[in-house]
Amino acid sequence: MGLELKDVCKNFGTKQAVKHLNLIINEPGVYGLLGTNGAGKTTTIRMILGIIKKTAGTITWNGKEVTRENVNFGYMPEERGVYPKTKIYDQLMYFAKLKGITSEEANEAIDYWLKRLQMEEYRDVLAEKLSKGNQQKIQFIIAVMNDPELIVLDEPFSGLDPVNTETLSEVMKELIAKGKYIIMSSHQMSSIEEFCTDLTILNRGDTVLQGNLEKIKNSYSSEKLELIVNQNIDNFVKEENLEIIENKDNHYLIKQKDEKQGEELLKKLINSNIRITKFEMKKPTLNEIFIEKVGDVK
């Protein structure tokens with residue numbers, strides 16, 4: 001049955017931070033929670049995990065009210081917080097004990113995750129000696145070392161270099177394959193598009209967009225056309241009253257009013273024996289949809 005939020009609200013004094021939020025995650029995978037700063041994402045996450053109390057509504061896991069007793073969860077907050085003067089192994093063991101893991105199980109989990117994230121050499125190193133990216137990987141280990149059912153990741157890829165981003169991406173795919181329920185909040189739209197099937201976008205506490213990402217994108221018309229050809233086609237484009245956004249060595253990005261314009265251009269190019277390497281009607285990216293709904297990403 002998974003996670004369900006019904007008519008959830010959160011007030012801080014006279015300010016309503018989250019307004020009548022309804023959300024269902026009934027299948028394993030990654031669910032995207034998006035919004036600008038102050039939109040209510042972190043507040044929602046903290047209510048789900050019981051860190052703060054909701055003002056109204058219900059939050060249930062498999063039909064039961066969410067509590068620390070009936071939900072085994074892992075949380076990686078946006079605010080990174082390792083103990084700088086403590087060795088990596090010692091603080092991982094400390095957090096394992098807080099999660100109720102036995103010493104034997106903790107050692108096994110620590111060994112596995114340090115190896116999986118290529119962190120074995122830092123086992124007995126003070127946290128302050130690690131780069132920000134490696135400190136972030138330690139916080140990820142803390143979030144998943146108890147083999148949680150529900151995992152909440154707030155900006156998991158922020159600050160990671162390409163190599164560590166790829167490593168964490170592979171781990172995310174492994175967790176999905178194991179049937180984990182994951183909520184991911186991020187401003188990196190490429191990460192959301194890569195992992196998330198469904199999402200909710202919040203703006204000042206209101207739900208402004210929600211649903212299946214593929215269906216959301218397909219509801220938009222293709223306003224852009226990408227073309228790679230073997231010669232300059234500026235004249236053909238102008239004849240169809242299309243706008244050239246960009247042209248680099250006959251690699252075109254073209255703005256069109258509707259898809260019929262692009263289809264007519266394609267016919268003319270074919271009839272003129274122009275070799276076409278690529279022709280793609282482009283749906284808006286999630287970043288473009290996000291900006292349309294809530295404004296630019298801050």
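These are my notebook entries on a predicted model of one protein chain.

**Entry 1: the whole chain**

I started with the overall numbers. The chain has 298 residues, and 45% of them are buried. Its secondary structure comes to ten helices and 14 strands. Along the principal axes, the C-alpha atoms fill a box of roughly 75 × 50 × 30 Å. I also looked up the surface: about 15,500 Å² is exposed, with carbon and sulfur atoms supplying 46% of that area. For contacts with a separation of 6 or more, I noted that 68% are between residues 24 or more positions apart.

**Entry 2: the sheet at the N-terminal end**

In what order do the strands of the open sheet run? I read off β2-β1-β4-β5, four strands with antiparallel pairing. The edges are β2 and β5 (64–65), each of which pairs on one side only. Helix α1, residues 41–48, packs on this sheet and touches β1, β2 and β4. I get about 120 degrees between the direction of α1 and that of β1.

Next I went through the pairings of β1. Strand β1 covers residues 3–12 and β2 covers residues 15–25; seven bridges hold them in an antiparallel pair. Five bridges join β1 to β4, residues 56–61, and these two run antiparallel as well. A general reminder to myself: strands of a sheet pair through backbone hydrogen bonds, parallel or antiparallel.

E4 made a handy marker here. Its bridge partner in β2 is I24, and in β4 its bridge partner is T60.

**Entry 3: T60**

Having met T60 as a partner of E4, I checked its surroundings. T60 sits in strand β4. Is it buried or exposed? T60 counts as buried, because its relative accessibility is 16% and the cut-off for buried is under 20%. Setting aside neighbours within four places in sequence, I found T60 in contact with G2, L3, E4, E65 and V66.

**Entry 4: positive phi values**

I then looked for backbone angles worth a note. In general, most residues other than glycine have a negative phi. I wrote down three positive ones.

- G13 belongs to the hairpin of β1 and β2, where two residues lie between the strands, and its phi is near 65 degrees.
- D7 is not a glycine, yet its phi is positive at about 50 degrees. D7 is found in strand β1. I have D7 down as partly exposed, because its relative accessible area is 38%, which falls between the 20% and 50% limits.
- R204 is also a residue other than glycine, with a phi near 55 degrees. R204 lies in the loop between β9 (196–203) and β10 (206–212). R204 counts as exposed because its relative accessible area is 66%, and exposed means over 50%.

**Entry 5: a nonpolar patch**

Last, I turned to the surface. Which residues make the nonpolar patch of about 330 Å²? They are Y83, Y94 and L98. I followed up on L98, which is in helix α2, residues 88–98. At 57% relative accessibility, L98 is over the 50% cut-off and so counts as exposed.

**Entry 6: recap**

For quick reference, I keep two threads from today. E4 bridges to I24 in β2 and to T60 in β4, with T60 buried at 16%. On the outside, L98 is exposed at 57% and shares the nonpolar patch with Y83 and Y94.

Definitions and conventions: Residues are numbered from 1 along each chain as its sequence is written. This is a predicted model: local features need pLDDT of at least 70, side-chain atom pairs count only at pLDDT 80 or more; totals for chains, interfaces and linings use all residues. Side-chain values use heavy atoms; hydrogens and water are left out. Two strands pair if DSSP finds at least two bridges between them. Contact means heavy atoms within 4.5 Å. Axes are lines fitted to C-alpha atoms, for helices over the stretch in contact, and angles run from 0 to 180 degrees between N-to-C directions. Patches are made of residues with over 30% relative accessible area and no salt bridge: like charges are joined within 9 Å, nonpolar side chains (Val, Leu, Ile, Met, Phe, Trp, Tyr) within 5 Å. Accessible areas come from the Shrake-Rupley method with a 1.4 Å probe; for residues, only the protein chains shown count as cover. A salt bridge is a side-chain nitrogen of Lys or Arg within 4 Å of a carboxyl oxygen of Asp or Glu. Buried means under 20% relative accessible area, exposed over 50%, partly exposed in between (1.4 Å probe, protein chains only).
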